[in-house]
Amino acid sequence: MFEKSTWIRLPRNVVVGHGVRSEVLDVIDDLHLQGRPLFVTSPTPRAVAADPIAADFEAAGIEPAMVTVEKATFDAVERVIDVAEDEDVSYLVGIGGGKAIDIAKLASYHLNMGFCSVPTAASHDGIVSNRGSVPNGDSRHSVAAEPPLAVVADTGILADAPWELTTAGCADIISNYTAVMDWRLAKRLQDVEFSEYAAALSEMTAEILVGNADLIRPGLEESAWVVTKALMSSGVAMSIAGSSRPASGAEHLFSHQLDRLAPGAALHGHQVGIGSIMTAYLHQGEDGLWRDIRDALASIDAPTTAAELGIDDETIVEALTTCHEIRDRYTILGNGMNEQAARDVAHKTGVID
Ligand SMILES: NC(=O)c1ccc[n+]([C@@H]2O[C@H](COP(=O)([O-])OP(=O)(O)OC[C@H]3O[C@@H](n4cnc5c(N)ncnc54)[C@H](O)[C@@H]3O)[C@@H](O)[C@H]2O)c1
Ligand SMILES: O=P(O)(O)OC[C@@H](O)CO
Ligand SMILES: [Zn+2]
């Protein structure tokens, strides 16, 4: 008897374009969300987006509660939950980069409240996903979280954000190539749950982004449009899969370990991009896709070396040799690399000297 079933939770409204920041209230109305919202933001996104959106709400007679978070921690999630309970809010709006959105998503999941996503940077593919990522003891990876009911992505705001945030988003998408290689490998060797649709969508998203690389230039608002669509598509792949597998393999393990060894040194997307160069080499060797990944990253100004990342060579080697331990996810790293093998792959791909 066929007993399989699945839930795929996707946003109902996706609004992308110039100036759509002023449409957040319309989107909330369209969703029939009522009562007082809680805005979860961080300092710069508060100034560029959360305060002006709050002013629109106030003009309509709704006074949003507001929490400004500095770091993605479980303490921050707890604080948001406390404020939501104290201020008697009905739904949450995450306004900012990946960290503010993740905190809002995780708090909404706990509170069992609706959540909307208002990205201020095209820096990560968590804008739409049903995942939230906060460090937890020795582990560091995403967990199930509330997917957004709606996404409002103002390309004017995204294009005005520092350029490296956009190149980080591109690198998070380019890393889908190796994430899917790892997923297919895990399917073959460990019979893990696998979705052809999610894998194909994830790979196609990376293909389209790389194919449009010449539209991705600083100061060009169309870049924000191209990258944001790719970030959403990648998030949908995660929601279809019900896990981050289509967008997170060994390159993400490497990045999560860098977050622990060199906190705050580089952006998530830039770290996973470098990881992807090396894990593509591990999958396919000298003549494989690693050069294409490196060249695609270079073409959109994303780092391709440890020096460009601002992380020293020894930390790169340490992250490579230890990152398989931080999550129970089968990848090309298997039971881990020894130091010489890690040094070799980092050196042969030009990541370290
Ligand atoms: N949940 C998921 O599926 C998922 C997917 C990918 C990444 N992530 C997580 O997202 C995080 C990475 O996201 P990130 O790179 O956006 O980090 P981040 O949220 O720390 O943002 C980086 C910096 O950009 C600033 N910023 C944001 N918008 C700005 C703007 N318009 N102008 C100026 N500065 C602005 C932020 O304040 C912050 O200082 C990581 O924690 C990663 O694990 C989650
Ligand atoms: O599950 P993780 O490894 O946190 O990955 C989520 C996201 O960063 C994928 O781009
Ligand atoms: Zn990522």
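This report walks through two ligand shells, a set of annotated residues, one helix and one strand residue. Please keep in mind that the model is predicted.

**Ligand 1**

Let's begin with ligand 1, which has 31 residues around it. The closest of these are Gly97, Gly98, His124, Gly126 and Ala161. Helix H2 (43-59), helix H4 (98-111), E6 and H6 are the elements that each give two or more residues to this shell. H4 provides the largest share, with four residues. By chemical character, the shell splits into 15 polar, 11 nonpolar and five charged residues. Both domain 1 (13-160) and domain 2 (163-348) contribute at least three residues each to the surroundings of ligand 1.

**Ligand 2**

Around ligand 2 you will find Asp125, Gly126, Arg131, Ser133, His141, Ser142, Asp172, Ser244, Ala247, Ser248 and His252. Seven of the residues in this shell are polar, three are charged and one is nonpolar. Here, too, domain 1 (13-160) and domain 2 (163-348) each supply at least three residues.

**The annotated residues**

An unreviewed UniProt entry lists Asp125, Asp172, His252 and His268 under "binding site". These residues span 144 positions in sequence, yet no two of their C-alpha atoms are more than 12.5 Å apart, so they gather at one spot. Among them, Asp125, Asp172 and His252 also appear in the shell around ligand 2.

Where do the two aspartates sit? Asp125 is in the loop between strand E5 (114-119) and strand E6 (131-133), while Asp172 belongs to helix H6. Asp125 counts as buried because 33 other C-beta atoms lie within 10 Å, and Asp172 is buried with 35 such atoms inside that distance.

Leaving aside residues up to four places away in sequence, Asp125 touches Asp172, Ile173, Leu231, Ser234, Gly235 and Ala247. With neighbours in sequence set aside in the same manner, the contacts of Asp172 are His124, Asp125, His268, Gly269 and Val272. The two aspartates therefore touch each other, and Asp172 also touches His268, another residue on the UniProt list.

**Helix H6**

Helix H6 (residues 163-174), the home of Asp172, has 12 residues. At 1.5 Å a residue it should span 16 Å, and its end C-alpha atoms are 17 Å apart, which agrees. How much of H6 is buried? The count is 10 of the 12 residues, so the helix is largely enclosed by the rest of the structure. The buried residues are Leu165, Thr166, Thr167, Ala168, Gly169, Cys170, Ala171, Asp172, Ile173 and Ile174. The cover over them includes the helices in this table.

| Helix covering buried residues of H6 | Residues |
|---|---|
| H7 | 176-190 |
| H8 | 196-211 |
| H9 | 221-241 |
| H11 | 268-284 |
| H12 | 290-299 |

**Tyr91**

Finally, have a look at Tyr91, which lies in strand E4 (residues 91-96). Is this residue buried or exposed? Tyr91 counts as buried because it has 20 C-beta neighbours inside 10 Å, and 20 or more is what the term requires. Not counting residues up to four places away in sequence, Tyr91 touches Leu33, Pro37, Met113, Gly114 and Phe115. Tyr91 and Leu297 are 206 residues apart in sequence, and from C-alpha to C-alpha they are 38 Å apart in space.

Key
Residues are numbered from 1 along each chain as its sequence is written. Chains are lettered from A and ligands numbered from 1 in the order in which they are written. This is a predicted model: local features need pLDDT of at least 70, side-chain atom pairs count only at pLDDT 80 or more; totals for chains, interfaces and linings use all residues. The expected span of a helix is 1.5 Å times one less than its number of residues. Two residues are in contact if their C-beta atoms, placed from the backbone, lie within 7 Å. A residue is near a molecule or strand if its C-beta atom, placed from the backbone, lies within 6 Å of it. Ala, Val, Leu, Ile, Met, Phe, Trp, Tyr, Cys and Pro count as nonpolar, Asp, Glu, Lys and Arg as charged, and the others, Gly among them, as polar. Domain bounds come from an automatic or database domain assignment. UniProt positions are given in the numbering used here, feature names are shortened, and annotations may be inferred rather than shown by experiment.
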